[in-house]
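I am opening my notebook on a structure that is new to me. Here is what I looked up, one entry at a time.

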Amino acid sequence: MAGVSDTVGLLQSPLDAVHRRLGATFTDFGGWELPVRFGSDLAEHKAVRTAAGQFDLSHMAQFDLVGPGAGPGLDYALMGEHSTMPLGRASYSMILTPEGTVIDDLIVYRLGQEHYFVISNAANRLVVAAALKERLAGFDTTLEDQTLARALIAVQGPASLDVISAAGLPQATQLGYYRAMEYTLEAVPIVVARTGYTGENGFEVSCPREEAEDLWQLFARAGEPFGLVPCGLACRDTLRLEAAMPLYGHELDLDTTPIEGGQGAFVRPKAADFVGAAALRERTPRKHLVGLRGEGRRAARAGYQLSAPDGAPAGHVTSGALSPTLGYPIALASVLGPEAPAAGTVLQVDIRGTSTPYTVVPTPFYTKEKK
Amino acid sequence: MTIPASLSYTADHEWVSAPQGPTARVGVTEYAAQALGDVVFLDLPAVGQAVTGGEQCGEIESTKSVSALFAPVSGTVSAVNQAAVDAPELVNEDPFGEGWLFEVSPVSGQGELLGAEAYAALTAEGE
């Protein structure tokens with residue numbers, strides 16, 4: 001099948017033809033050719049904050065683990081405890097090097113007593129697959145990379161529950177946040193998870209590759225009365241940044257521990273003896289992830305250097321944009337030093353030669369209204 | 001994709017009307033506007049500032065990127081489109097009209113410019 005090859009060129013989504021009919025603008029991301037926007041990225045961002053948006057996430061890596069050793073194996077292979085996780089639960093986790101730095105961040109779903117489902121980043125798929133295979137070798141579990149056999153569609157936004165209901169899955173609206181269930185929708189077996197990367201309510205739905213187009217069209221039709229629009233990667237990035245969610249390669253990488261990458265809340269190094277746990281217990285953080293807020297409309301962008309009030313190098317911006325929702329520039333930044341700078345600290349960002357003050361602020365920058 | 005025949009173009013996707021003067025109006029093309037995505041910030045040369053054809057004179061920021069703005073012609077900036085500075089989305093909505101960026105008058109020279117046909121060929125290559 002065209003586009004389903006690991007070796008030649010960019011991978012194409014099973015929804016590629018749909019995106020082309022919709023007039024999407026494409027970009028290369030993690031080895032895939034994907035829509036960066038369908039029309040206006042600001043309009044798509046706003047739709048997710050106020051109504052709903054539909055994203056093609058078929059580039060995300062999908063792994064199935066089945067067997068009595070799946071849970072204990074993941075306890076060893078990944079940060080956190082997975083064997084004790086109740087059925088139907090999802091958990092944000094990471095796969096670490098023995099040194100405690102991040103190979104990838106991922107979500108683990110427990111779909112059955114001996115069935116786990118893992119979603120990780122596109123660009124790291126082969127690395128994660130190889131690391132999992134190696135680490136699970138001593139455990140009684142299968143590991144299957146389902147990425148090229150499946151698709152992943154996200155419906156995100158305050159109206160996403162209405163959309164999924166109208167699409168024929170009213171029971172899925174009863175799922176709590178970070179819960180997941182297998183359903184059959186129009187005779188198609190799907191996995192529905194109450195997870196997302198936008199800071200809004202929403203769902204991520206995994207389905208067989210050949211069913212992706214029908215599922216996309218089903219959501220599009222069901223969502224139209226609720227203002228659902230197709231959304232590209234540009235707004236996915238600004239949405240996740242407003243919610244201060246990390247993006248691998250920016251906030252997290254092989255030189256960053258989960259704690260240094262601002263994800264200390266997910267670290268329970270005493271809980272189990274997973275790969276990297278010992279290093280996490282011993283290491284002193286060298287840097288911290290902080291939120292920054294700027295004035296005006298000029299964004300501090302990824303890679304821009306920071307300096308302290310005394311002019312000393314202070315780190316760098318990991319992600320930054322003019323926040324579409326808030327109207328001012330926001331950034332995540334990796335600040336050097338054993339202690340995180342306090343909220344209110346002013347750092348200078350070198351924006352293409354112009355020293356520009358940014359203030360350390362609490363994150364997330366944006367929190368959805370509680371209903 | 002609109003490429004008005006009456007305008008001249010740079011390979012960097014600026015357009016210029018009346019490149020010989022007396023008053024040359026400058027903007028970015030529809031191709032550029034689409035490639036940039038939503039424009040959110042314009043850093044334009046100030047009125048009275050001298051610009052040189054082919055050299056950078058400002059920046060255009062979209063949500064995802066920063067792009068250099070090059071002056072198609074040399075001369076003195078005589079006007080800046082404040083409406084576009086205040087509402088950068090005009091660049092996306094009407095790049096050849098309401099979304100113009102600045103004017104140069106008098107014009108003292110030109111950078112390397114393309115006619116509409118040559119510019120159309122250039123943008124077709126990239127697709």
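**Entry 1: the nonpolar cores**

I began with A:Phe219, which touches A:Gln54, A:Ile153, A:Val155, A:Val163, A:Ala167 and A:Leu228, leaving aside residues up to four places away in sequence. I should say at once that this is a predicted model. A:Phe219 belongs to the largest nonpolar core, which has 79 residues. I found A:Phe219 listed among those with the most contacts inside that core, together with A:Tyr116, A:Ile153, A:Val163 and A:Val192. A second, separate core has 58 residues, including B:Ala24, B:Leu36, B:Cys57 and B:Tyr119. As a general note to myself, nonpolar side chains tend to be buried together in soluble globular proteins.

**Entry 2: confidence**

I looked up the scores next. The model has an ipTM of 0.87 and a pTM of 0.93. For chain B, the average pLDDT is 95, and 98% of the residues score at least 70.

**Entry 3: helix 2 of chain A**

How many of the residues of helix 2 of chain A are buried? I read 7 of the 10, so this helix is largely enclosed by the rest of the structure. The buried ones are A:Asp41, A:Leu42, A:Glu44, A:His45, A:Ala47, A:Val48 and A:Arg49. I then checked what they pack against: strand 3 (32–37), strand 4 (52–56), strand 10 (150–156), strand 14 (228–231) and helix 7 of chain A.

**Entry 4: two domains in chain A**

The domain assignment splits chain A into domain 1 (1–283) and domain 2 (285–361). Their centres, taken over C-alpha atoms, are 28 Å apart. I see 16 residues of domain 1 and 15 residues of domain 2 in the contact between them. On the domain 1 side, helix 2 and helix 7 of chain A each supply at least two residues. Helix 2 gives the largest share of that side, 4 residues. By type, the domain 1 side divides into 5 nonpolar, 6 polar and 5 charged residues.

**Entry 5: where the chains meet**

Which elements of chain A give two or more residues to the side that touches chain B? First I noted the extent of the contact, with 14 residues from chain A and 9 residues from chain B. The elements are helix 2 (41–50), helix 7 (233–242) and strand 17 (313–322) of chain A. I also sorted the chain A side by type and got 6 nonpolar, 3 polar and 5 charged residues. Helix 2 of chain A thus turns up in this entry as well as in my domain entry.

**Entry 6: the two sides of helix 4 of chain A**

In helix 4 (residues 125–135) of chain A, I found A:Arg125, A:Val128 and A:Leu132 buried. They cover an arc of only 70° around the axis, which puts them on the same side of the helix. On the other side, A:Ala130 and A:Glu134 are exposed. The cover over the buried residues includes strand 5 (61–66), helix 3 (70–77) and strand 6 (90–96) of chain A. Strand 7 (102–112), strand 8 (115–120) and strand 9 (142–145) of chain A are also part of that cover.

**Entry 7: backbone oddities**

Most residues other than glycine have a negative phi, and most peptide bonds are trans. I went looking for exceptions.

- A:Tyr178, not a glycine, has a positive phi of about 60°. It lies in the loop between helix 5 (160–166) and strand 11 (180–185) of chain A. A:Tyr178 counts as partly exposed because it has 16 C-beta neighbours inside 10 Å.
- A:Ala187, also not a glycine, has a positive phi of about 70°. I located A:Ala187 in the loop between strand 11 and strand 12 (188–193) of chain A. A:Ala187 is exposed, with 6 other C-beta atoms within 10 Å.
- A:Thr363 and A:Pro364 are joined by a cis peptide bond, with omega about 0°. A:Pro364 sits in the segment after strand 20 (354–361) of chain A.
- The bond from B:Ser105 to B:Pro106 is cis, with omega near 0°. I placed B:Pro106 in strand 9 (residues 102–110) of chain B.

**Entry 8: a loop residue in chain B**

Is B:Ala46 buried or exposed? I counted 9 C-beta neighbours inside 10 Å, so B:Ala46 is exposed. B:Ala46 is in the loop between strand 4 (39–43) and strand 5 (50–51) of chain B. From B:Ala46 to B:Ile60 I noted 14 residues in sequence and 15 Å in space, C-alpha to C-alpha.

Methods. Residues are numbered from 1 along each chain as its sequence is written. Chains are lettered from A and ligands numbered from 1 in the order in which they are written. This is a predicted model: local features need pLDDT of at least 70, side-chain atom pairs count only at pLDDT 80 or more; totals for chains, interfaces and linings use all residues. Two residues are in contact if their C-beta atoms, placed from the backbone, lie within 7 Å. Ala, Val, Leu, Ile, Met, Phe, Trp, Tyr, Cys and Pro count as nonpolar, Asp, Glu, Lys and Arg as charged, and the others, Gly among them, as polar. pLDDT is the predictor's confidence in each residue, from 0 to 100. A residue is buried if 20 or more other C-beta atoms lie within 10 Å of its own, exposed if 12 or fewer, and partly exposed in between; C-beta atoms are placed from the backbone. The arc is that of the directions from the helix axis to the C-beta atoms. Domain bounds come from an automatic or database domain assignment. A nonpolar core is a set of buried Ala, Val, Leu, Ile, Met, Phe, Trp, Tyr and Cys residues joined through C-beta atoms within 7 Å.
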